[in-house]
Amino acid sequence: MQRANLSTVSEFVLVGLSDAPEVRFLLLVLVLIIYLATMAGNITILVATSTDARLHNPMYFFLSNLSLLDILCPTVTVPKMLEALWLENKVISFTGCMLQLFFLIDVVGTEVFLLAVMAYDRYVAICHPLQYMNIVSMKLCAHLAIGTWVAGFFNSVLHTSLIFTLFFCNSNEIHQYYCDIPPVLALSCSPHYSRELVILTVAGVLGSSAFVVTLISYIYILLAILCMNTSESRHKAFSTCGSHLTVVCLFYGTTICTYVRPSSTYSPDQDRIVSMLYGILTPLLNPIIYSLRNKEIKCALRRVISQVRTAL
């Protein structure tokens, strides 16, 4: 097909949701409850870490950044999903789709880098506890946090520009409940092998670098824990980094299944399930994991609740 015969689409249709009225209503209620619970859980952690002076340290500074990302991630996709379920309006403009994908990739990329930084923070805390405050200063934390957000932004600019400068024709139906790289690429009618190769290479290099930092950090942490003399010390060390390790496994497991593979293996049904996990459920589970496994967070939440009750 010649480029002169191509006509770019001006809007897309999200067909990743059920049309059955009874199923649509159940999905609406379920997604709304999960979204509100996600907002409440992550906002609570943000309030606890910002108002409690005992939590003003590097570990909880990075946790507050993670909670902010977990607020942004579902906010990028869920409102449009709720609109489609409630008003049956599944149409999204070309610009709206581009912005949705841009912010989603930005948030996901930033979280990849942030989890690596958090792993390094736990490595220093466990393996070099006496020098921890000197190595991981608040100034370094601020620079690392800013670096993760900037890296996520430029990563997203690259991916979005490569995808939305392609030509789209014929079908404009995206087999997903939001705009994402695999379903949008599947609609392109212009050659995109070289761009897909660049996307996979960049994602692979950045993602694998962050994963290697995370993996090496936890190998050293595990070795340090095994060398500890008392079971109490080992238990305290495991409780310190166990929550983060759980979050890392959840995040990498779902994102790798979605992004680190060629578009020729794209499966709409499989991707909808996986994307539900990392786009909706993981941001909900993160605050639960941290609040249930972390005594300091639980104590801070009790103090926040006590202060609210007193104010009321």
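# Reading salt bridges, cores and a surface patch

Mentor: Let's start with a charged pair: Glu88 and Arg24 form a salt bridge, with their closest N and O atoms 3.0 Å apart. Keep in mind that this is a predicted model.

Trainee: Which parts of the chain does the pair of Glu88 and Arg24 tie together?

Mentor: Look up where each partner sits. Glu88 is in the loop between helix 2 and strand 2 (91-93), while Arg24 belongs to helix 1, so the bridge links parts that are 64 residues apart in sequence.

Trainee: And is Glu88 buried or exposed?

Mentor: Here you go by relative accessible area: under 20% is buried and over 50% is exposed. Glu88 has 53%, so Glu88 is exposed. Arg24 has 13%, so Arg24 counts as buried.

Trainee: How many salt bridges does the structure hold?

Mentor: Four. One of them joins the side chains of Asp52 and Arg54, at 3.5 Å from N to O. Asp52 is buried, with a relative accessible area of 6%, whereas Arg54 is exposed at 59%.

Trainee: What about Glu83 and Lys80, where do they lie?

Mentor: Both are in helix 2, three residues apart, which is about one turn of the helix. Their salt bridge has its closest N and O atoms 3.4 Å apart. Glu83 is partly exposed, at 27% relative accessibility, and Lys80 counts as buried at 12%.

Trainee: Let's move inside. What should I expect of nonpolar side chains?

Mentor: In soluble globular proteins, nonpolar side chains tend to be buried together. In this model, the largest nonpolar core has 59 residues, and the members that touch the most others are Leu63, Leu66, Leu115, Met118, Ile221 and Tyr290.

Trainee: Which helices supply at least two residues of this core?

Mentor: Helix 1 (21-51), helix 2 (58-87), helix 3 (94-127), helix 7, helix 8, helix 9 (268-293) and helix 10 (295-311) each do. Helix 3 gives the largest share, with 15 residues.

Trainee: Take Leu63, then. Which residues does Leu63 touch?

Mentor: Leave aside anything up to four places away in sequence, and Leu63 touches Ile45, Met118, Tyr290 and Ile297. There's also a second, separate core of 19 residues, with Ile163, Phe164, Phe168 and Val184 among them.

Trainee: Now the outside. Which residues form a nonpolar patch on the surface?

Mentor: Phe211, Val212, Leu215, Ile216, Ile219, Tyr220, Leu222, Leu223, Leu226 and Phe238 do, and together they have about 930 Å² of accessible area. Helix 7 (residues 193-226) contributes the largest share, nine residues.

Trainee: How does Leu215 fit the cut-offs you used earlier?

Mentor: Leu215 is in helix 7, and with 43% relative accessibility it counts as partly exposed.

Trainee: Before I lean on any of this, how do I read the confidence?

Mentor: The general rule is simple: where pLDDT is low, the predicted coordinates should not be read in detail. For this protein, the mean pLDDT is 82, and 86% of the residues reach 70 or more.

Trainee: Where is confidence lowest, and where is it highest?

Mentor: It's lowest in helix 8 (residues 231-259), with a mean of 71, and highest in helix 5 (residues 138-164), at 92. Look at the start of the chain too: over residues 1-7, pLDDT stays under 50, and the model has eight contacts for them beyond four places in sequence.

Conventions. Residues numbered from 1 in each chain as written. Predicted model: local features only at pLDDT ≥ 70, side-chain atom pairs only at ≥ 80, totals over all residues. Heavy atoms only, no water. Patch = residues over 30% accessible without salt bridge, like charges linked within 9 Å, V, L, I, M, F, W, Y side chains within 5 Å. Areas by Shrake-Rupley, 256 points an atom, 1.4 Å probe, with all protein chains shown as cover. Helix = DSSP H or I, 4+ residues; strand = E, 2+ residues; numbered from the N terminus. Buried < 20%, exposed > 50% of the residue type's maximum accessible area, 1.4 Å probe, protein only. pLDDT = per-residue confidence, 0-100. Contact = heavy atoms within 4.5 Å. Core = buried A, V, L, I, M, F, W, Y, C linked by side-chain atoms within 4.5 Å.
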